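User: I am new to this structure and would be grateful for a close look at one part of its surface. Please set that part in the context of other features as well.

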Amino acid sequence: MAMTIAASTNNAETARYRVPGMDCPSCAAKIEKAARSVGVDDVKVSTATQVMTLRVDDPETRLPEVERAVTGIGYRLDRLDAPSVDAEGDIDDLPKDLSHITPAYKRALWIVVALNVGYGIVEMFGGFLSGSQALKADALDFLGDGLITFLGILAIGWSLVWRARSALIQGLFLGALGLGVLANTAYRVLVQQQPEAELMGLFAVIALVVNVVAVLPLLPYRTGDANVRAVWLFSRNDAIGNAAVVVAAGLVAWTASPWPDLVVAVVIAGLFLQSSWSIIRDARSDLNEAASASARAPA
């Protein structure tokens, strides 16, 4: 039995896929679960570089099963060529097919970036204006979505190393913003300053509308890109966060207490920090993997 297992391990083949648009730990967990559902246990999905790496002992049979399982839950997979090391020591792992990245699709992505980052800045200003910590936390979600999409546009054709480096910087930046919101929320717990519920609710309702509008530019491409279902899932989750801020604003007005605002802020900021940490962890792992591959490469 031991000899059989060892032989199977030795014959295992490593396969790698790009998963465009995958940007959160829960998405990575769903993809890994889908791969394991068809019998692939050795699988890792990086939220930093959007790369799924797996080892299979029967690639001709197992890989099509993995592809069907992952695309079946709404994610697009781009099979990566065998990674090579360029002159600067970076791991080059371009997808075999980038035909779905058309100029029109890229323009739609730029619109999504502009809406998310633009309103993220506006909502952050609204958070300071109204004194709402929940609005500030929700603004982070907009900024995070916009920056991740922005990185995805720029990183088309980038090597693994540069995608990981960019993701690491992004994760650190977003993490710092999240910690700032939590620190400010802790301060507000001490001073018990009640936010202006009317302004808070107004900005939260506009955020909900912007979330819906941000998806519209991608709808014409829904038949050509299986990842649009994932975009809908992201938008649904964001909308839940927006709705939570609207409810918090109503509770602030009803109870004349800042606590609903503070509780929602902590929950949203905590989830945001979890995603930020996941990006940082995966980026460091990818950089270590790239360094090891470069060290093993022949001179």
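Analyst: A suitable starting point is V246, a residue of helix α8, which spans residues 228-255. The model is a predicted one. With a relative accessible area of 30%, V246 is partly exposed, because this class lies between the buried limit of 20% and the exposed limit of 50%.

V246 belongs to a nonpolar surface patch of about 370 Å², together with V205, V209, V213 and L216. Helix α7, residues 197-215, gives the patch its largest share, three residues. V246 itself comes from helix α8.

Aromatic side chains form another set of contacts. Two aromatic pairs are found in a search of the whole structure. In one of them, W110 and F150 meet edge-to-face, with 5.6 Å from centre to centre and 65 degrees between the planes. This pair joins distant parts of the chain: W110 lies in helix α4 (residues 103-130) and F150 in helix α5 (residues 133-154), 40 residues apart. W110 is partly exposed at 38% relative accessibility, and F150 is also partly exposed, at 31%.

The rings of Y119 and F142 have centres 5.4 Å apart and planes at 65 degrees; an angle over 60 degrees counts as edge-to-face, so this pair is described in that way. Here too distant parts of the chain are linked, since Y119 is in helix α4 and F142 is in helix α5, 23 residues apart. Y119 has a relative accessible area of 8% and F142 one of 3%; both values fall under 20%, and therefore both residues count as buried.

Charged side chains also lie over aromatic rings. The charged end of K136 is placed over the ring of F128, at 3.9 Å from the ring centre. R79 lies over the face of Y17, 5.5 Å from the centre of that ring.

The strands complete this view. Four of them make an open sheet with antiparallel pairing, in the order β2-β3-β1-β4. Strands β2 (43-46) and β4 (78-79) are at the edges; each has a single partner strand, so one side of each has no neighbour in the sheet. The partner of β2 is β3, residues 51-56, and the two are paired in the antiparallel sense over four bridges. Within this pairing, K44 stands opposite T53 of β3.

Note on methods
Residues numbered from 1 in each chain as written. Predicted model: local features only at pLDDT ≥ 70, side-chain atom pairs only at ≥ 80, totals over all residues. Heavy atoms only, no water. Phe/Tyr/Trp six-rings, centres within 6.5 Å; stacked < 30°, edge-to-face > 60°. Buried < 20%, exposed > 50% of the residue type's maximum accessible area, 1.4 Å probe, protein only. Lys NZ or Arg CZ within 6 Å of the ring centre and 35° of its normal. Patch = residues over 30% accessible without salt bridge, like charges linked within 9 Å, V, L, I, M, F, W, Y side chains within 5 Å. Areas by Shrake-Rupley, 256 points an atom, 1.4 Å probe, with all protein chains shown as cover. Salt bridge = Lys/Arg side-chain N within 4 Å of Asp/Glu carboxyl O. Pairing = 2+ DSSP bridges.
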